[in-house]
Amino acid sequence: MITTTKGEMDESLLEKREGTIDNDNETTTWVEYWLEGELVHRSAHVQLKRAVVSFGETAEF
Amino acid sequence: MANTQAMTTSFKVDLFNAVHAFNGTGVPAHTASTADTFKAALYTAASSLGASTTSYTGAVTEVSGTGYTAGGVTVTFGTAPSSSGTTSFLTPSASITYTTVTLSTSFDAMLLYNDTNSGKKSVAVYTFTAQTVAAGTFSLTMPTNDATTGLLRIA
């Protein structure tokens with residue numbers, strides 16, 4: 001069963017579309033379920049690759 | 001032996017733990033056994049979040065939709081800040097997950113902020129390819145918690 005905007009639906013009734021985005025910043029996968037041309041479910045999962053880095057420095061006198 | 005000018009690695013770890021207070025303004029009382037609560041909020045792709053974003057309350061373009069609570073979700077830091085070499089690092093110990101939400105306006109940023117702090121001070125902004133969610137789950141999976149890929153690093 002898939003949770004959709006129309007409630008729980010059997011997956012066999014839906015068209016499934018999947019995709020992946022892979023770049024320097026992230027690897028993202030998404031899955032969509034469509035019912036007669038209408039998007040009824042979309043989930044996305046992002047794997048972050050790029051952290052936030054701060055560089056600590058000391059000054060010279 | 002020779003002396004070497006450097007910001008000490010222990011200080012870089014201490015920054016994550018609020019050990020030092022150079023100025024009393026806005027510094028809450030902390031003890032080693034009391035951790036603040038941090039949250040992750042999502043922001044629309046039309047937002048302008050970045051290094052100049054100072055707080056959650058100052059960022060007004062948060063997403064809204066079914067199943068999403070304003071302010072976002074709590075972020076779990078189950079592993080204490082650590083260091084390797086001269087880099088300190090800290091990474092949430094679990095994925096950040098928004099379960100069964102519908103977010104129709106595309107969003108491409110997450111603001112990590114201190115929810116315990118009265119000013120809801122910001123920590124970091126993370127961006128990703130713009131997404132929408134329909135009766136689904138959005139999750140941010142964390143990188144390996146080390147000096148190379150840790151989510152927050154002070155090198």
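The following exchange introduces chain B of a predicted model and the way it meets chain A.

Residues are numbered from 1 along each chain as its sequence is written, and chains are lettered from A and ligands numbered from 1 in the order in which they are written. In this predicted model, local features need pLDDT of at least 70, side-chain atom pairs count only at pLDDT 80 or more, and totals for chains, interfaces and linings use all residues.

Trainee: Which element of chain B has the lowest mean pLDDT?

Mentor: The pLDDT is the predictor's confidence in each residue, from 0 to 100. Chain B averages 87, and 88% of the residues score at least 70. Among its elements, strand β2 (residues 73–75) has the highest mean, 96, while the lowest mean, 81, belongs to helix α1 (residues 9–16) of chain B.

Trainee: In what pattern do the helix and strands of chain B follow one another along the sequence?

Mentor: Helices (H or I, at least four residues) and strands (E, at least two) are DSSP runs, numbered from the N terminus. Chain B contains one helix and seven strands. Read along the sequence, the pattern is α-β-β-β-β-β-β-β.

Trainee: What is the order of the strands in the open sheet of four strands?

Mentor: Two strands pair if DSSP finds at least two bridges between them. β3(B) and β4(B) pair in the antiparallel sense over three bridges, as do β4(B) and β7(B). Three bridges also join β7(B) to strand β6 (residues 52–54) of chain A, and these two run parallel. The pairing is therefore mixed, and the order is β6(A)-β7(B)-β4(B)-β3(B).

Trainee: Which residue of β7(B) stands opposite V52(A)?

Mentor: On the parallel side of β7(B), the bridge partner of V53(A) is R153(B). On the antiparallel side, L90(B) stands opposite L152(B). The residue opposite V52(A) is likewise L152(B).

Trainee: Which residue takes a positive phi in the hairpin of β3(B) and β4(B)?

Mentor: Within this pair of strands, S82(B) stands opposite F89(B). The hairpin has two residues between the strands. The residue with a positive phi, near 65°, is G85(B).

Trainee: Are T87(B), S88(B), F89(B) and L90(B) buried or exposed?

Mentor: A residue is buried if 20 or more other C-beta atoms lie within 10 Å of its own, exposed if 12 or fewer, and partly exposed in between, with C-beta atoms placed from the backbone. T87(B) and F89(B) point one way from β4(B), and S88(B) and L90(B) the other way. All of these residues are buried.

Trainee: Which strand gives the largest share of the side of chain B that touches chain A?

Mentor: Two residues are in contact if their C-beta atoms, placed from the backbone, lie within 7 Å. The contact takes 30 residues from chain B and 27 residues from chain A. On the chain B side, β5 (96–114), β6 (122–141) and β7 (152–154) each supply at least two residues. The largest share, 15 residues, comes from β6(B).

Trainee: Which strand supplies the largest share of the largest nonpolar core?

Mentor: A nonpolar core is a set of buried Ala, Val, Leu, Ile, Met, Phe, Trp, Tyr and Cys residues joined through C-beta atoms within 7 Å. The largest core has 39 residues, and M110(B) is among those that touch the most other members. Both chains contribute, with β4 (26–35) and β5 (38–48) of chain A among the strands that each supply at least two residues. The largest share, ten residues, comes from β5(B).
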